[in-house]
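Good morning, and thank you for coming. I shall take you through a few selected places in one structure, beginning with a metal site.

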Amino acid sequence: MSGGKDIKKALDEIVDREYTFMHICGTHEAAIAKSGLRSVLPKGLKIVMGPGCPVCITPQGEIDAALELAGKDCIIATYGDLMRVPGTKGTLDSCGGDVRVVQGVHKAVDIAKETEKEVVFISVGFETTAPTVAATLLTNPPDNFSILCSHRFVPPAMKFLLEQGEASLDGFMLPGHVCVVSGYEMYEKFAVPQVVAGFEPDDILLGLYMLVKQVKEGRAEVENAYPRAVSKEGNKKAMEMLYQVFEPCDVEWRGFPVIPKSGLRLKPEFKKYDALDKFGVTIKHVEKNSACICDKVLRGIADPTDCKLFGKACTPQNPVGPCMVSHEGACRIWALYNQKKY
Amino acid sequence: MSGGKDIKKALDEIVDREYTFMHICGTHEAAIAKSGLRSVLPKGLKIVMGPGCPVCITPQGEIDAALELAGKDCIIATYGDLMRVPGTKGTLDSCGGDVRVVQGVHKAVDIAKETEKEVVFISVGFETTAPTVAATLLTNPPDNFSILCSHRFVPPAMKFLLEQGEASLDGFMLPGHVCVVSGYEMYEKFAVPQVVAGFEPDDILLGLYMLVKQVKEGRAEVENAYPRAVSKEGNKKAMEMLYQVFEPCDVEWRGFPVIPKSGLRLKPEFKKYDALDKFGVTIKHVEKNSACICDKVLRGIADPTDCKLFGKACTPQNPVGPCMVSHEGACRIWALYNQKKY
Amino acid sequence: MKVNLMHGAGGAVFSDLLGKTLTKYKNNNAGGIGLESLDDGAVIPFGDKNIVFTTDSHVVRPLFFPGGDIGRISVCGTANDLSMMGGKPIALSCGMIIEEGFDIDILEKIVASMDEALLECGASLVTGDTKVLEKGAIDGIAINTAGIGIVEKPVRDNGLKPGDVIIVSGTIGDHGLCIMTTREGFDLGEQIRSDVAPVWELVKSAMDAGEIHAMKDPTRGGFSNAINEMAEKSGVQVRINEETLPIRNSVRSASELLGINPLDVANEGKVVMGVSADDAEAILKAIKKNKYGKDAAIIGRVTEGKSVIMETSIGGERFIEAPVGDPVPRVC
Amino acid sequence: MKVNLMHGAGGAVFSDLLGKTLTKYKNNNAGGIGLESLDDGAVIPFGDKNIVFTTDSHVVRPLFFPGGDIGRISVCGTANDLSMMGGKPIALSCGMIIEEGFDIDILEKIVASMDEALLECGASLVTGDTKVLEKGAIDGIAINTAGIGIVEKPVRDNGLKPGDVIIVSGTIGDHGLCIMTTREGFDLGEQIRSDVAPVWELVKSAMDAGEIHAMKDPTRGGFSNAINEMAEKSGVQVRINEETLPIRNSVRSASELLGINPLDVANEGKVVMGVSADDAEAILKAIKKNKYGKDAAIIGRVTEGKSVIMETSIGGERFIEAPVGDPVPRVC
Amino acid sequence: MCIAIPAEVLEIKDGNIAVVDYGDLQQEVRIDLVDVVVGEFVLVHVGFAIQKLSREEALQTRQVFEEVYAAMEE
Amino acid sequence: MCIAIPAEVLEIKDGNIAVVDYGDLQQEVRIDLVDVVVGEFVLVHVGFAIQKLSREEALQTRQVFEEVYAAMEE
Ligand code: SF4
Ligand code: SF4
Ligand SMILES: [Mg+2]
Ligand SMILES: [Mg+2]
Ligand SMILES: [Mg+2]
Ligand SMILES: [Mg+2]
Ligand SMILES: [Mg+2]
Ligand SMILES: [Mg+2]
Ligand SMILES: [Mg+2]
Ligand SMILES: [Mg+2]
Ligand SMILES: [Mg+2]
Ligand SMILES: [Mg+2]
């Protein structure tokens, strides 16, 4: 990967002061950690993680609802990511119910076709994922199938972040795979430097290079460093299907208040697949009751090490907050990859 | 136990021809087997087992009902005896339900007091046992407690046996512990030699001695060889309690047709404790569908070795009929204690 | 065909399963006594001595009971099997399978109890493995131990000879009835205590006192199972005298209450041995000196023939058979 | 505190539980290397040689998977731990815990597979125990094996020295990704096969070719866990070169699909060893001759310091840490 | 049926409960079905006293037995 | 979020299903969200193709990358 080394050199040359950019994609964070990318960045250049991990931003009340459903003799189908996220009374992994990890929503439907039990799919994910659920619901799944609908849209959260103004950021690295589906036109309304980036280390380095360049040149636009997969309009077919099945709604994010139009709910025609309706479960707001500062970490205004619990009461072994649970949670990644001295 | 040896001598002297007596008590059979009593009887004297084991005479339909209840998320409390009796689809032991062995009905009530689940006690037993259930129901058990009522009375079955006339018996050894409760007055209507006997080997030898003597003297009455526990009137208080709670009904016995007034059912005031009513379960008559001749064995007209399956398809390891399951079943006892040559 | 509970209870049913499936290994012997013998342990020649090797998994419920706990049993069960081969217990392995949610305090108590039993055995737990299974995949905990011992001249379970005398090292049925009354809610408290104990010292003193022809610990399936296996493998008849069987009064009462034959339930600190008649008294005396051997007794003799016969107190005879399945308390 | 699934997944969390509870035995050593070392096995001096002793319980799901089954793992898992100590596998014990209702046909297949693996190992299964639990008390079957081996000069897992070279005997992550894709319904068929195999012959040829300073099999917790344990116990730093790690293309694809690091999942037929730099080429050559060693590679080196560092392909650095808990497939 | 064994009443408690001794083994049993006092003997079945036994007869089963036996021998 | 990896379409089956190859690893995925033909490249997320990749770009990620990079260097 010769490109990487060249870009590194270019980056070293271009960075002349402190820059902080935020990415809002867990997969970006994972790629950064895995490649040791931060260790090759020039001094002064910093990339921090925003609310980009669906596990981290799913509020505790939704996990509690999933646990409540698991207690109702339902088969729970979920992405592995959610297995160890702590709800108020434990995790899906250890709740004793019939909880199965699936690759996608269609596999959950396959389970429903083979059983007479109720199957509930815990449906999290951003623009990237929601269309797969829409496509599946459009193929008429059996009556014993339903979803716990916890989808979220990225731009409203970004809007909220920008309006808060707490984080002193120089720009955003936009989530490549979200933009694959949604395109990036809707980000153009934000008057900050933004670059859509892919997930190879080189892609990320390139994204950073383009961000620094944009800042230095005093521009504030959306550029695309991931053209092999992302276009301005995205996947129109996928977005159309999404809107056939879902409609935007106001919803709480972990670490954020209710953000207008940032969630998805099933349209009336598809309400029969709504697990909350079907089982009379409601999502309760759970006040955070510990010293966990995940909310601040997710908003980019604190580092994990600013948390009093970090590395003490809260470790990857015994996580307190979702940022320590998720593979892509900033606290976990810091604890595993950034802390130990050598 | 010097008495035993003297009685043996007396028996040897008195037995002058073939005599066959039937006992109708599993505990007699167990005592006989355990002490090797048959091995000391004089040639010609034979004691065979009748329908005296509540496990053996409980029809398959009642076991099926118990299994059905176990499948309804009830806690099943039962005497250990019933654990391995095969119903149509398996046994209580291996049904996967929450099945608990208890010493008596009062312990099942204790379980009910500690849980919010339904607790069903499988209530089998003769006159000896039914009063313990009556006493318990009279102490107002909690609402989540009920019984599967499978009690039976001995005299109607004996009447049926005598009317059949199939077995050529010289007399009956009456069940000591049944008579402890019921007394033995009601047996006096049967015009055959009868002796109430206890359960020490000596008690049984004495009972046999008294039976032979009665036959030889041409009498046909009820004598009591167990006076330290049995009186003619029995335990009146116990029988009164029994009739406060139960009333006689017609019922099927395994190996027998429906025998009039040979069963007990709950009186209307206690119907709320009837598990069949409570859970809408009914007892179905199951036609025997194998070559098992338990019915004949129970009626005293066949020995286990007359059965084609005995020791082949039907063994204590893989019992086909209830007489091979019950610890007191004639087939099992023959297989374990009487068969192997040495 | 499916495995059923009977298959796990030792005795004839297990032999069926064993014979048909679990002994089908061609690679079953490392030069001495192997799996084919189904003795208390295997023997592997090593230089001028022999290694004894054995294993048992322990799933006893409740985990703690009067007189012991699953930890003590896990150590004694394996150390005693080594002892039954005449082997001095040296080292144990421990494989624990634990259910998620299991209480670590309880685990600590189990470990402490194992350690105490190890000290008493003079053996060490040198290697281990732990697996945690998700809730519901195992009921609490299962502990496997394997053990290594050393012996010069192994003792088998198949060496009974006509003329031998049968000795049991103490009262029969204590452990089994303790477990059963505790488990089934008979509320008998501490009145019946398990006999779980390491018997190596006792066995050693017996071996020093005379010739032991055959030895077995009457664990699962009880005395009935052990003596039948010994008789059958040795090709002899054993005759037991009912009146000489040492059974505690409390155990006898409980056995009547539960309708269970005390000969059919497990002991965890007892030995059944066949010894030459000439050495019997000396061996008995040696055993009685051990703290776990006070109630030892001569209970029978070996003759030509087959089967195990009980000579009953009324002068009758009956077979003692290996129990079919684990005994269940009963009322009729 | 309660046991949780993390405790069973090896690595740091297990060490916590281990350190606090499961190593609290005072009787933990029979004269050589004991439980306190937490090495792949224990070593007990016996005459002029040493007995190696180890145990593992096996609960893999599904029971049969591409490339192997629970039977093959049960034999290889223990034989390989013996091999990791430099010990030639001699004899195994087998403790099975089986759920009532388990299919005897399946049991037969497991036994046949164990027997085949035993033959390949040159070891015998000499002693066993079987417990049947009532339905629901265990999920299917669990198999514990313990093993005995013989060694003159044991190899430890704590002998890495600065200057040593790290060799892995073949591709990484095969078993773990096979199990995960099979279990979670990814429908990949036989495309990813477990590497489960006995490595004694491979290890022996390596020992014959040069000096092995430390050795460990990267089973549960994967390469990440094994190399961290070796580095930590040896008090050294290990630096791994990302580009030299042998990983099958199919395994790499699957690891991306599942969002799982192939270094964090189990291997069942691999060895990680630290060898003196002088012998490295000779040892590598010897290993490559073995049928299970074709993909062997030199993947790193040992320096002064601590931790395990990955030198990434973009010229960066990151820690390789022991995984926390068993990896779960993920999508984000 | 039915297993029943003799026991001595050691103590009477509230709620129809007595502590009995079977022979080095004590247990609480229900006494709903009998009227007993401490020192009397009862026959216990499924955890219930189902009948009283006279003290002499219970203590000396053999003796009673032999009396009956002797009477027969006449 | 979100993990998505490139794959080549090997076969199209009934019911919106395609067999794809990720690199020595084939799997059936759902193609409800894209219109593809055999030989094209797609990005797969949670078992669904979520977008097409141009063949050249997918095969030569590096090359595209370096072009962009070169353009920047100017
Ligand atoms: S270290 Fe733990 S408690 Fe602190 S912010 Fe992170 S997740 Fe929350
Ligand atoms: S041997 Fe078996 S099948 Fe035959 S009568 Fe007896 S119980 Fe029935
Ligand atoms: Mg689960
Ligand atoms: Mg059960
Ligand atoms: Mg043994
Ligand atoms: Mg044992
Ligand atoms: Mg291990
Ligand atoms: Mg032996
Ligand atoms: Mg190992
Ligand atoms: Mg291993
Ligand atoms: Mg065993
Ligand atoms: Mg080693």
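C:Asp81 is buried, because its relative accessible area is 7%, and buried here means under 20% relative accessible area, exposed over 50%, and partly exposed in between, with a 1.4 Å probe and protein chains only. The model is a predicted one, in which local features need pLDDT of at least 70, side-chain atom pairs count only at pLDDT 80 or more, and totals for chains, interfaces and linings use all residues; side-chain values use heavy atoms, without hydrogens and water. Residues are numbered from 1 along each chain as its sequence is written, while chains are lettered from A and ligands numbered from 1 in the order in which they are written.

What are the protein donors of the magnesium ion (ligand 6)? They are C:Asp56 (OD) and C:Asp81 (OD), at 2.0 to 2.2 Å from the ion. Donors are N, O and S atoms within 2.8 Å of the metal (3.2 Å for Na, K and Ca); water is not among the atoms, so sites may look incomplete. C:Asp56 lies in strand S2 (residues 49-58) of chain C and C:Asp81 in helix H2 (residues 70-84) of chain C, 25 residues apart. C:Asp56 also counts as buried, at 14% relative accessibility. C:Asp81 coordinates a second ion as well, the magnesium ion (ligand 5), which is 4.1 Å from ligand 6. The helices and strands I name are DSSP runs, of at least four residues (H or I) and at least two (E) respectively, numbered from the N terminus.

I turn now to charged side chains. A salt bridge is a side-chain nitrogen of Lys or Arg within 4 Å of a carboxyl oxygen of Asp or Glu. Over all chains, 85 salt bridges are counted. In chain D, D:Lys216 and D:Glu229 form one, at 3.8 Å from N to O. D:Lys216 belongs to strand S9 (residues 212-216) and D:Glu229 to helix H6 (residues 222-234), 13 residues apart. D:Lys216 is buried at 6%, whereas D:Glu229 is partly exposed at 25%.

Which side chain of opposite charge is nearest to A:Arg332? It is D:Asp264, 7.3 Å away, and A:Arg332 is buried yet has no salt bridge. For charge, Lys and Arg count as positive and Asp and Glu as negative, with His and the chain ends not counted. A:Arg332 sits in helix H14 (residues 330-338) of chain A.

Finally, the chains themselves. Among the nine pairs of chains in contact (heavy atoms within 4.5 Å), chains C and D share the most contacts. Chains A and B have no contact, their closest C-alpha atoms being 12 Å apart.
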